[in-house]
Structure formats: structure tokens, C-alpha cells
Amino acid sequence: MGTVSTNEFRKKLKIMVDGQPYEIIENQFVKPGKGQAFNRVRIKNLVTGRTLERTWKSGDTVEEADVTYTEMTYLYNDGSTWYFLNSETQETEEISKEALNGCEVWLLDGATVEVTWWKDPKSGATLPIEVIPP
């Protein structure tokens, strides 16, 4: 994908940092009385789920992350692998426990989740704001 300047930073923008995809959670533009303006940004790693805070000088550019999302329905698990039904292709997909980043404890049978794809493997799953039993 292309590059994004710091003046284009906004919530939910996906960027690459240190070879990993991140989502911007919070962006604050700071213009001190002396010195150069900068952006203080809180970002969430889409692979591990961890958040961190970074700063970029005003005008810096970063690479935009090439991630896609697929809506899937949770079917069942065998303890190490969780199985989902792809809503578009009607195929069963397998996602490892590590990729679920701890949200597997909240999954109910038939729950709809948004799965993040980065590169070839499934990067993780995001639960909906409200978990409503089917």
C-alpha cells in the first residue's frame, strides 16, 4: 500500500510500525511554544493486541498496513483451534487460540466476529461491541 503523512492520521487508520500492522486508537497533534510540532499517537498491534504510545514529528510518513476484514460466524473449538464459518464463501476457517488474543473466552456459539487478515495467516478476531446470544 501507500504511505500516510502524520497530518492524515485518524482513528482506525491501519499503519505499519516495525514490520507489524497497528491500528490508531488515539491521535493528538501537539504544537509546543518552542520546537517542532508532533503527533502523540496511541496504537494497537493487530497481531498481539498490545497497545503502545509513539510520537512522530509533524510531516513524517509511515506505510499504510494492508489488512482486510472478513465477517465470520463462530462454530466450535477443539481446545487449540477455533472454527468459523466464512459468511461470504460459506467455507469453514480455522483460527489458532493465539490469534484470538484472549477473546475466545467470550465467544458464544453462533456469534458473529470480524476476523483481521494480514499476510497469509489470520491475524486475529475482534468481537462485536455487544455479544448477543443467537
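This is a guided tour of one predicted protein model, stop by stop.

**The whole chain**

Show everything as a cartoon. You should see 11 strands and zero helices. Read along the sequence, the pattern is β-β-β-β-β-β-β-β-β-β-β. Of the 134 residues, 36% count as buried. Now switch on the surface. Its accessible area comes to about 8,400 Å², and carbon and sulfur atoms hold 47% of that. For contacts with a separation of 6 or more, 44% join residues 24 or more positions apart.

**Confidence**

Colour by pLDDT. The mean is 82, and 87% of the residues reach 70 or more. Then select residues 129–134. Here the pLDDT is below 50, and beyond near neighbours in sequence the stretch has five contacts in the model.

**Strand β2 and its hairpin**

Select residues 14–17, which are strand β2. Show the side chains. Is this strand covered on one face or on both? Both faces are covered. Lys14 and Met16 are buried on one side, and Ile15 and Val17 are buried on the other. In a regular strand, side chains alternate between the two faces of the sheet.

Add residues 20–30, strand β3. The two strands pair in the antiparallel sense over four bridges. Find Met16 and look across to its bridge partner in β3, Pro21. β2 and β3 form a hairpin, with two residues between them.

Centre on Asp18 in that turn. Its phi is near 55°, a positive value in a residue other than glycine. Is Asp18 buried or exposed? Asp18 has a relative accessible area of 68%, so it counts as exposed, the cut-off being over 50%.

Step back to Lys12. Lys12 lies in the loop between β1 (3–5) and β2. Lys12 also has a positive phi, about 70°, although it is not a glycine. With a relative accessible area of 61%, Lys12 is exposed.

**Asn39, a buried polar residue**

Select residues 38–45, strand β4, and pick out Asn39. How accessible is Asn39? Its relative accessibility is 3%, and the cut-off for buried is under 20%, so Asn39 counts as buried.

Show what surrounds Asn39. Leaving out residues up to four places away in sequence, Asn39 touches Thr6, Phe9, Asn27, Gln28, Phe29, Arg54, Thr55, Trp56 and Ser58. Which side chain makes a polar contact with the side chain of Asn39? That of Asn27, at 3.1 Å.

Move to Thr55, one of the residues that Asn39 touches. Thr55 belongs to strand β5, residues 51–57. Leaving aside neighbours within four places in sequence, Thr55 is in contact with Phe38, Asn39 and Arg40. Draw a C-alpha to C-alpha distance from Thr55 to Val41. The two are 14 residues apart in sequence and 5.9 Å apart in space.

**β7 and its two partners**

Hide the side chains and select β7 (67–77), β8 (81–86) and β10 (112–118). β7 pairs with β8 in the antiparallel sense over five bridges. β7 also pairs with β10 in the antiparallel sense, over seven bridges.

Check each pairing at one position. Tyr76 stands opposite Tyr83 in β8. Val67 stands opposite Trp118 in β10.

Now follow β7 into β8. This hairpin has three residues between the strands, and Gly79 takes a positive phi near 100°.

**The nonpolar cores**

Keep the three strands and add spheres. Select Met72, Tyr74, Trp82, Phe84, Ile95, Ala99, Leu100, Cys103, Leu107, Val113, Val115 and Trp117. These 12 residues make up the largest nonpolar core. β7, β8 and β10 are the elements that give two or more residues to this core. Which element gives the most? β10 does, with three residues. In soluble globular proteins, nonpolar side chains tend to be buried together.

Zoom in on Trp82. Not counting residues up to four places away in sequence, Trp82 touches Tyr74, Tyr76, Asn77, Glu93, Glu94, Ile95, Lys97, Leu100, Glu104 and Leu107.

For the last stop, select Val4, Leu13, Tyr22 and Ile43. They are among the 11 residues of another core, which lies apart from the largest nonpolar core.

Definitions and conventions. Residues are numbered from 1 along each chain as its sequence is written. This is a predicted model: local features need pLDDT of at least 70, side-chain atom pairs count only at pLDDT 80 or more; totals for chains, interfaces and linings use all residues. Side-chain values use heavy atoms; hydrogens and water are left out. Buried means under 20% relative accessible area, exposed over 50%, partly exposed in between (1.4 Å probe, protein chains only). Contact means heavy atoms within 4.5 Å. Accessible areas come from the Shrake-Rupley method with a 1.4 Å probe; for residues, only the protein chains shown count as cover. pLDDT is the predictor's confidence in each residue, from 0 to 100. A nonpolar core is a set of buried Ala, Val, Leu, Ile, Met, Phe, Trp, Tyr and Cys residues joined through side-chain atoms within 4.5 Å. A polar contact is a pair of N or O atoms within 3.5 Å; within protein, one must be able to donate a hydrogen and the other to accept it, and residues adjacent in sequence count only if both atoms are side-chain atoms. Two strands pair if DSSP finds at least two bridges between them.
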